[in-house]
Amino acid sequence: MSQHTPAGVQVRSTRDEAQAALSLDEAIVRGLAGDGGLYVPTAIPPLPDNWRDAQSLADMAETVLAAWWGDDAHEVAPLLRDALPFDTPLKPLSGDRYLLELFHGPTLSFKDVGARSMARLMGRLLRRDQKRAIVLVATSGDTGSAVADGFAGIPGVDVVLLYPKGLVSDVQERQLIVERPDVTPLAIEGDFDACQRLVKQAFQDPELATLGLTSANSINVGRLLPQMLYYLWGVLQLERLGETTPPVIVVPSGNLGNLTAGLVAWRAGMPASGFHAAHNANRHFSDVLAGVTDPLQPPPTVATLSNAMDVGAPSNLERVLDKDLNVMGGHLTASVTGDAQTTARMRLTYEQDGELVCPHTAVGLEGWEQARQARPEWNGLPAMILATAHPAKFPAAVKHATGVGEVSSAALDALLDQPTRVTTLPPDFEALKRTVVAVAGSHRAV
Ligand SMILES: *Cc1c(COP(=O)(O)O)cnc(C)c1O
């Protein structure tokens, strides 16, 4: 199975019939395949025998992912170690449930893992090719702050961040606009769609094309693959607690990137009894699994309380359905949870376990209850539920559900003291273009 060449793992596009292979580094540079498909590994290296020796998430990176880069592993390992200085601890709840807390990174969501890793992987390639890049992102949620933080201070990279002025929460805005080296936050006087339109237009502009624009998109393999590490670290922690049965892993899902990373870890040999994709009202994947809808006919996006999972058409669906990752022999199920059930689950979790959880994590906890009812053979198995964001990012939802008005987080408190900087722009392409050109110009010799 393993194809561990000196050049490292090869990838192919999900849509390429000829299955032409290219290197992981090349796929990180390209992001999306030329045929519109997504890159997946041609073969997944089995976990090395010593993966259970890891003592931290960073150890796991060095042990597992280094093998993916072949002869370049010695260059990549320290970058991943630098990207992952925080823990993803496993917290036992009642009823054989365990929360895998993925929110101890600097911007308090699991997206820190992928964004910080990808920033360093991309920085290495820019250095190698002596190039600069401008990461351009439109954001309404956790992605923007994770990308801004992850890429800040990486030599050769500028970040330009667009968000809808007045339409993100106070906590989110504060995370977006703290001063960071080479990061330019733009408050756009329009909605999220206006921000996305501007970014799309920028990528089609011939003049801007010469400046090395890139999207740091969540479909990039450089963001995706490092996410397999916390699955392994979570399962290892579970084993160290004396749990001998492999868990069912519950993933609060939107674009299905997180789930894809879990499936890659499973294919590499991680013990798991199954996977469950827990969705909010955006139910496309659940309907696809149930065979009641065409994968190519996704419904429009529905706005919910767990807004980072408000995705009508999951971009990683194509990967999950790919022949090499497809685990539909009954090991993978999905559920749909509405806002009322989400709030009720937040309240119940606080009452039963004394634990404040964010709305996304609550969708996971509620999804697990549905999953074990739908599949009696999963009853009695331990469940590892991914806690994807810190509750302090969603104070209004927490207060509404539990009555608790104060959710503390040292990382957020530290942000309060830092200076902020933001530019307000009309939703006008020429204004954005001038800004991007100025950002690029600030690095050219005068
Ligand atoms: C992005 C996000 C998700 C969804 O993850 P996908 O990889 O898009 O499925 C879930 N929870 C939180 C808090 C997120 O930020």
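**Cavities, a pocket, the ligand shell and a small sheet**

Two cavities of 30 Å³ or more were counted in this predicted model. The largest holds about 50 Å³ of space. The second largest has a volume of about 30 Å³.

The lining of the largest cavity draws on several parts of the chain. Val11, Leu24, Tyr39, Val40, Pro41, Val221, Leu224, Leu225, Thr260, Val264, Arg319 and Leu325 line this space. Three elements give two or more residues each: β3, α9 (221-224) and α11 (257-267). Strand β3 provides the largest share, with three residues. By class, the lining has 10 nonpolar residues, one polar and one charged. Thr260 and Arg319 are among the lining residues.

The second largest cavity is lined by Pro45, Pro46, Leu47, Pro48, Val64, Ala67, Trp68, Met228 and Ala268. Its lining comprises nine nonpolar residues. No polar and no charged residues take part.

Strand β3, which contributes to the largest cavity, also belongs to a sheet. This sheet is open and has three strands, in the order β2-β1-β3. The pairing is antiparallel. Strands β2 (22-23) and β3 (39-41) stand at the edges. Each has a single partner strand, so one side of each is left without a neighbour in the sheet. In general, strands of a sheet pair through backbone hydrogen bonds. Here, β1 (residues 10-13) and β3 are joined over three bridges, in the antiparallel sense. One residue pair can be named: Ser13 has Tyr39 of β3 as its bridge partner. Tyr39 also lines the largest cavity, as do Val40 and Pro41. Val11 is another residue of that lining.

The second largest pocket was examined next. Its volume is about 220 Å³. Its lining consists of Ile28, Val29, Met122, Leu125, Leu126, Asp129, Lys131, Arg132, Ala133, Gly212, Leu213 and Thr214. At least two residues each come from α1 (24-30), α4 (111-129) and β9 (213-214). Helix α4 gives the most, with four residues. The lining divides by class into seven nonpolar, two polar and three charged residues. Among those named are Asp129, Lys131 and Arg132.

The ligand is surrounded by 15 residues. Lys111, Asp142, Gly254, Asn255 and Leu256 are the closest. By class, the shell holds six nonpolar, seven polar and two charged residues. Backbone atoms of three residues can be placed against ligand oxygen. A polar backbone atom of Gly254 lies 2.7 Å from an oxygen atom of the ligand. For Asn258, a polar backbone atom is 2.9 Å from a ligand oxygen atom. For Gly257, a backbone N or O atom is 3.1 Å from an oxygen atom of the ligand. Taken alone, the ligand exposes 380 Å², of which the protein buries 96%.

Definitions and conventions:
Residues numbered from 1 in each chain as written. Predicted model: local features only at pLDDT ≥ 70, side-chain atom pairs only at ≥ 80, totals over all residues. Heavy atoms only, no water. Pairing = 2+ DSSP bridges. Near = heavy atom within 4 Å. Polar contact = N/O pair within 3.5 Å; in protein donor to acceptor, adjacent residues only side chain to side chain. Areas by Shrake-Rupley, 256 points an atom, 1.4 Å probe, with all protein chains shown as cover. Nonpolar A, V, L, I, M, F, W, Y, C, P; charged D, E, K, R; others polar. 1 Å grid on protein atoms, 1.4 Å probe; cavity = no way out; pocket = protein on both sides within 12 Å on 5 of 7 lines; lining within 4 Å. Points joined across faces, edges and corners; volume = space filled by probe spheres on them.
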